[in-house]
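Open your viewer and get ready to click along with this tour. Each stop tells you what to select next and what you will find there.

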Amino acid sequence: MAEREIPDDLARLWRLPLGTRLGRPAELDVDTVVRTAIDLADRTGLSGATLPKIAAALGVTPMSLYRHIGSKDELIALMSDAAFGPIPQPGPGDEPWRSALSRWAREQFAVFERHPWLVQIPISGPPRGPNAVGWMDAGLRALRATDADWGAKIGVITVLSGYVRQGFLMANQLDTAHRAADLDESRALRIYSRELTRLVDPHRFPDVAELLAAGLFESVPPPDTADEDFTFGLELILDGIAGVLEGDEKTRA
C-alpha cells in the first residue's frame, strides 16, 4: 500500500508547497490571510474574524481567500497554530523539571492573555501544527531529566496545559462578568457572601455555612488575587506530579 500523502490542510499548516503554480505570483499568501484574521480576532473576538471581514480588510473578495485556505475550519486551525508562536525557548541545561514546567505553564498563560479567543476554539485532537508541536516538545523537554516514561510525560503536559486553559478561561469570564456588572472582585464576593448567607441552611449545607461565617469573602482581596489563585493551583499540580515522579523512582529503586 502506498504511503498516504500529506493532506492539503496539514501541508498548509506546515507551509509546504502544494504543487506547481503557473502565472504571476499570487497577491496573497497563507501568512497574510492568517495574520489579518488574528488581528481581527484580537480586536473583536473570534466571531469578528469572518471571511467577509478578512476579505474586506485585505481588499479582496471572500472567494479569493479559498486559494489559500480550504475552509473556515482550516482557517481557525491556521490561526490557532500561528497565535501560539513563538515556541518557548529552552532554559538553562541544568534547570530543574519543576521550574521548567512552571515557566512553560506561565508562558502558555501569557499566550491566552495576548489572544483570549484561543480558549473558544474546541480541542479536536493532538497537536498538528509546527507551533503546537513546538509547545509539546518544550513540555517534554522539561521532563527530559526525569525517569518518567513517555505515557506519563504526555499525561503531565496534558493535565498542565488543561489547567492553564481552564484557569485563563475562568479568570477571563469572571473579569468580563465583573466589568459588565460594574463591580470589582472584592465587592462581587461580598455581595455573593451576603446573599448566600441568607439562603444557606446550616443543616443542609453545613460546611458552606461555616465557610460563609468565617468571613473569607468579606475581606478585600489583594490586587493580584487572580495570579495568586493561578499560582496556588499550579503549585498544587506540580506537587502532585512530584509525588508521582518520586513514587516511580522509589518503585524502580
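## Where α2 meets α4

Select V30, V33, V34, A37, I38 and A41 in α2, then add L75, L78, M79, A82 and A83 in α4: these two groups meet each other. Try colouring the selection by residue class. The contact of α2 with α4 has 11 nonpolar residues, with no polar and no charged ones. Keep in mind as you look around that this is a predicted model.

Now turn the view until you can follow both helices. The axes of α2 and α4 come within 9 Å and cross at roughly 80 degrees. Are α2 and α4 roughly parallel or roughly perpendicular to each other? Angles from 65 to 115 degrees count as roughly perpendicular, so α2 and α4 are roughly perpendicular to each other.

## Along helix α2

Stay with α2 and select the whole helix, residues 30-44. Helix α2 has 15 residues and reaches 21 Å from its first C-alpha to its last, close to the 21 Å expected at 1.5 Å a residue.

Which residues of α2 are buried? Highlight V30, V33, V34, T36, A37, I38, L40 and A41: these are buried in α2. To see what they pack against, show α1 (8-13), α3 (51-58) and α4 (72-83).

Next, step just past the end of the helix. Just after α2 you will find G45, which takes a positive phi of about 95 degrees.

## A closer look at I38

Click on I38, which sits in helix α2. Is I38 buried or exposed? Its relative accessibility is 11%, so I38 counts as buried. Leaving aside neighbours within four places in sequence, I38 is in contact with M79, A82, A83, H115 and W117. For a distance to try in your viewer, pick the C-alpha atoms of I38 and I54: they are separated by 9.6 Å, although these residues are 16 residues apart along the chain.

## Where α2 meets α3

Keep α2 in view and bring in α3. Select T32, V33, T36, A37 and L40 in α2, which meet K53, I54, A57 and L58 in α3. The residues of the contact of α2 with α3 divide into 6 nonpolar, 2 polar and 1 charged.

What is the angle between α2 and α3? The two helices pack at about 110 degrees, with their axes 10 Å apart. That angle makes α2 roughly perpendicular to α3. The crossing of α2 and α3 is right-handed.

## On to α5 and α6

Move along the chain to α5 (97-114) and helix α6 (residues 130-142). These helices pack at an angle of about 160 degrees, with their axes 8 Å apart. Angles over 145 degrees count as roughly antiparallel, and α5 and α6 are therefore roughly antiparallel to each other. The crossing of α5 and α6 is left-handed.

To see the contact, select W97, A100, L101, W104, E107, Q108 and V111 of α5 together with W135, A138, G139 and A142 of α6. By class, the contact of α5 with α6 has 8 nonpolar, 2 polar and 1 charged residues.

Now show α6 by itself. Its 13 residues should span 18 Å at 1.5 Å a residue, and its end C-alpha atoms are 18 Å apart, which agrees. In α6, the buried residues are N131, G134, W135, A138, G139, L140 and A142. Bring the surroundings back, and you will see that what covers the buried residues of α6 includes α4, α5 and α7.

## Three stops in the loops

Your next selection is P86, in the loop between α4 and α5. Zoom in on the peptide bond from G85 to P86: this bond is cis, with omega near -5 degrees.

Then go to R15, in the loop between α1 and α2. Phi of R15 is near 60 degrees, a positive value in a residue other than glycine. At 35% relative accessibility, R15 counts as partly exposed.

Finish at D182, which lies in the loop between α7 (150-180) and α8 (185-199). Here too phi has a positive value in a residue other than glycine: phi of D182 is near 55 degrees. Is D182 buried or exposed? With a relative accessible area of 67%, D182 is exposed.

Key: Residues are numbered from 1 along each chain as its sequence is written. This is a predicted model: local features need pLDDT of at least 70, side-chain atom pairs count only at pLDDT 80 or more; totals for chains, interfaces and linings use all residues. Side-chain values use heavy atoms; hydrogens and water are left out. Helices (H or I, at least four residues) and strands (E, at least two) are DSSP runs, numbered from the N terminus. The expected span of a helix is 1.5 Å times one less than its number of residues. Buried means under 20% relative accessible area, exposed over 50%, partly exposed in between (1.4 Å probe, protein chains only). Contact means heavy atoms within 4.5 Å. Axes are lines fitted to C-alpha atoms, for helices over the stretch in contact, and angles run from 0 to 180 degrees between N-to-C directions. Angles under 35 degrees count as roughly parallel, over 145 as roughly antiparallel, 65 to 115 as roughly perpendicular and the rest as oblique. A crossing is left-handed if the near helix is turned anticlockwise from the far one by less than a right angle, and right-handed if clockwise. Ala, Val, Leu, Ile, Met, Phe, Trp, Tyr, Cys and Pro count as nonpolar, Asp, Glu, Lys and Arg as charged, and the others, Gly among them, as polar.
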